[in-house]
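Me: I have a structure open and have not looked at it before. Can you take me through some parts of it?

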Amino acid sequence: MTNEQSDNAGDAVTASSRPAPDMAIAREVGEIITHMLGDGRSVIDPATIIWSASVAEELRARIGDNPIIGTGQSQWEKLDEQLHGASREVVLLAAELVFLREHPLRSALPETRKAHVERVLEHLDSPVVLPEPMSTWLARPAGIAGFEPGSWYNGALWRHLIWVSTFVRHWNDLSDAEREGAQTDPWELQRVMLGSGDDRSDIRNALQFLARPDIFEPISSAGMKQRIRDGLSDRIGGATGNDAASIDRDLLEIRTALAREAEEPFHFWTPGLKELWDPSPDATESAKLAEPRPRHSWLYSPGAQASQWEEFSADGIMAIGWDELDDLATYPSREAIRQALDVEGTGGSMRNAVLALWQFQNEIAVGDIVYAKRGRREIVGRGEVMSDARFEGERASFRHLRSVKWTHTGSWEHPGDAATKTLTDITPYHDYVDKLEALVTGEVEPEPPVPPTPLPAYDKMAFLSEVYLSEKRYDRLRALLVRKKNVILAGPPGVGKTFTAKRLAYSIMGAKDPSRVQTVQFHQSYSYEDFMMGYRPTETGGFILAEGPFYRFCEEARADDDDRPYFFIVDEINRGNISKIFGELLMLIEADKRGQDLRLLYKNETFSVPANLHIIGMMNTADRSLAVLDYALRRRFGFFEMPPGFDSAGFTRWQQDAGSPTLDRIVAVVVDLNQAIADDPALGRGFAIGHSFLSRPTDSDADDAWLYSVVEDELVPLLGEYWFDEPAKAEEWAGKLRAAVA
């Protein structure tokens, strides 16, 4: 079998919708999959049979029958101990399994993946040289293809090795006819995987994708698959079931339906498509915070090849077509616009058209900057939006309008190729916006002044009303941040670390001022060049020095008054390589080193971190994949533990206001559950259930349907992850939670 075989459902249109890099990384390892399901030979050492029941059982037994509990060793140190004295076949099998589980990870660094494989191979009595194909596969740069795993994937090495070993043992027990059927039919292969023992969906999903990328999506999380399927199931007339096979079949049918309208290959996270199953999370958060909106920049096409530019620039307007639609203000959602465009009922997403219409009506704001373009290589104007959207039905065409003060008209060569869409929000691409501004005006657009409307006030009492933290602990946290300048909020998932960080900043400012807050998220491939500055490739094949968000934000803080604090928030701070990201900044961020200058690595200038800039990091204590933070970082940051806040005044008030006996019962069970988790030597309090799971749902009450969903769709699966190796214990607590909502 090869993983390039096709299924009847995977027609040419569907196949063309899959991004080529994803297909390529799966095809690369087709040889390993073929050996796994065929002759059993090793790719690293073809003379050795490793994919056999006896070898798989020995590897399973070394790990599953000899579990090493506790957090004193990393998962790799534990594996070293479990592989000590193993046979050549077992070591080679472990190495190829480690390779397979990390090969489809989008953010994994090539040097990290290679180091993990070589670490396993060090257990061989005689050294082995990685064959050329595998060396090439391991050299693939991060960020090109594959999926972003959940926190449980990276830290579940031992569980993955046990599951795959169990599957290999089961596979070898099948008859020749059963194996042949599974080699040719992807759904039969999935059935065999599911029937091999207790399911481990994340590694199974990874192997399914590598074996049959023409059928299965590069998504490891079963919950995420179901969420996407549920959000898009209307495209196929509804979901067919919630078992693994039904969800994967539905996703394939959904892809086929979307592919008919797609202009290019897509992921389910492609902008314009993600919003269809995960609608407007950013807009929801903005509304919840009630924060002033910063100025946005837009790239806009005034008709095909700027055919309407002469009229629009003269009349001081921007307008878009789709004249078959009525006033866009009458459409309450993107889905309503899509249905109005889809007059033939094809179910197509029409994502670019829908997004352009929705953004034109609802997301562009007065004061935004618009760059008009002709085709992909020419800018013809720049303007400032002066009005809300309006509908002029008497116009023959382009009836959806806004007033614009066109400050510059002319012809400028666009740097590289511009986006082909009618309307594109380019706000996040700071360097690109600066290039356009400098190109057209000769200078970089300064930050817009503080909005004329007063910023919403925010103080300690506002913080305590929103964040489930006691007044005493708030005072301690604030004092720690003011003193150290840098603080890390550490706690398990669901304790509101991100929510707390931004509101802590606002409470110190005294107002909700998002212009003085910058947020980034670290990950394994994040670097100094991303964070501070570095050389970036250009369309012409050269390189340009680009400034990163921390450099920019420091300059903004430095230009302001010293008594106006700024806050740089780093999510998942312990996921990044701290020394690699901060570089010389590790010294400059110390509280007593603020204002001291050092010469920059990439720029012939001195640089300092201003005293009015504060850094707030967030650290997930339940992420088993994370290495211990190095001492250099610990010395420069204050650490503030954030446990679940079920006993806080804020949560107690919300619980009383809800008046839900069901909520009361669940809270009581979760409090007891957290004690059991804290007492478990394999877990500890860093894995507790956070209060955010049971906090007030957005725009609704704590009804029993919502609480039932929290238990079944969030808490019970989480317990299955926590106690994967103790299913009876997981089921015991799942039963208690279910009884609370019964």
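Reply: What follows goes through a sheet, one helix and the nonpolar cores of a predicted model.

Me: Sheet to begin with. What is the strand order in the open sheet of five strands?

Reply: The order is 9-12-15-8-16, and the pairing is parallel.

Me: Which strands stand at the edges?

Reply: Strand 9 (517–521) and strand 16 (638–641). Each has a single partner strand, so one side of each has no neighbour in the sheet. From one strand to the next, the twist averages 20°.

Me: How many bridges join strand 8 to strand 16?

Reply: Four; strand 8 covers residues 486–491, and the two strands run parallel. Within this pair, Leu-489 is opposite Phe-640 of strand 16.

Me: What does helix 24 lie across?

Reply: Helix 24 (residues 497–509) lies across strand 8, strand 9, strand 12 (566–571) and strand 15 (613–620). Its direction is at about 160° to strand 15. Helix 26 (residues 549–559) lies across strand 9, strand 12 and strand 15, and runs at about 165° to strand 12.

Me: Changing topic: helix 30. Which of its residues are buried?

Reply: Helix 30 spans residues 649–658, and its buried residues are Gly-650, Phe-651, Trp-654 and Gln-655. Seen down the helix axis, they fall within an arc of 135°, so they line one face of helix 30.

Me: Why would residues three or four places apart point the same way?

Reply: Because an α-helix has 3.6 residues a turn.

Me: What do the buried residues of helix 30 pack against?

Reply: They pack against helix 31 (661–679). On the other side of helix 30, Ala-649, Gln-656 and Asp-657 are exposed.

Me: And the two ends of helix 30?

Reply: At the start, a side-chain oxygen of Ser-648 comes to within 3.3 Å of the backbone nitrogen of Phe-651. After the helix comes Gly-659, with a positive phi near 60°.

Me: Last topic, the cores. How many residues are in the largest nonpolar core, and which touch the most other members?

Reply: There are 61 residues in it, and those touching the most other members are Trp-51, Phe-99, Leu-100, Val-120, Met-134 and Phe-167. Helix 6 (residues 88–102) gives the most to this core, with 10 residues.

Me: What does Phe-167 touch?

Reply: Leaving out residues up to four places away in sequence, Phe-167 touches Met-36, Leu-37, Leu-189, Val-192, Met-193 and Ser-196.

Me: How many residues are in the other core?

Reply: That core has 34 residues, including Val-667, Ile-689, Trp-706 and Val-741, and lies apart from the largest one.

Key. Residues numbered from 1 in each chain as written. Predicted model: local features only at pLDDT ≥ 70, side-chain atom pairs only at ≥ 80, totals over all residues. Heavy atoms only, no water. Buried < 20%, exposed > 50% of the residue type's maximum accessible area, 1.4 Å probe, protein only. Arc of directions from axis to C-beta. Contact = heavy atoms within 4.5 Å. Polar contact = N/O pair within 3.5 Å; in protein donor to acceptor, adjacent residues only side chain to side chain. Pairing = 2+ DSSP bridges. Axes fitted to C-alpha atoms, helices over the stretch in contact; angles between N-to-C directions. Core = buried A, V, L, I, M, F, W, Y, C linked by side-chain atoms within 4.5 Å.
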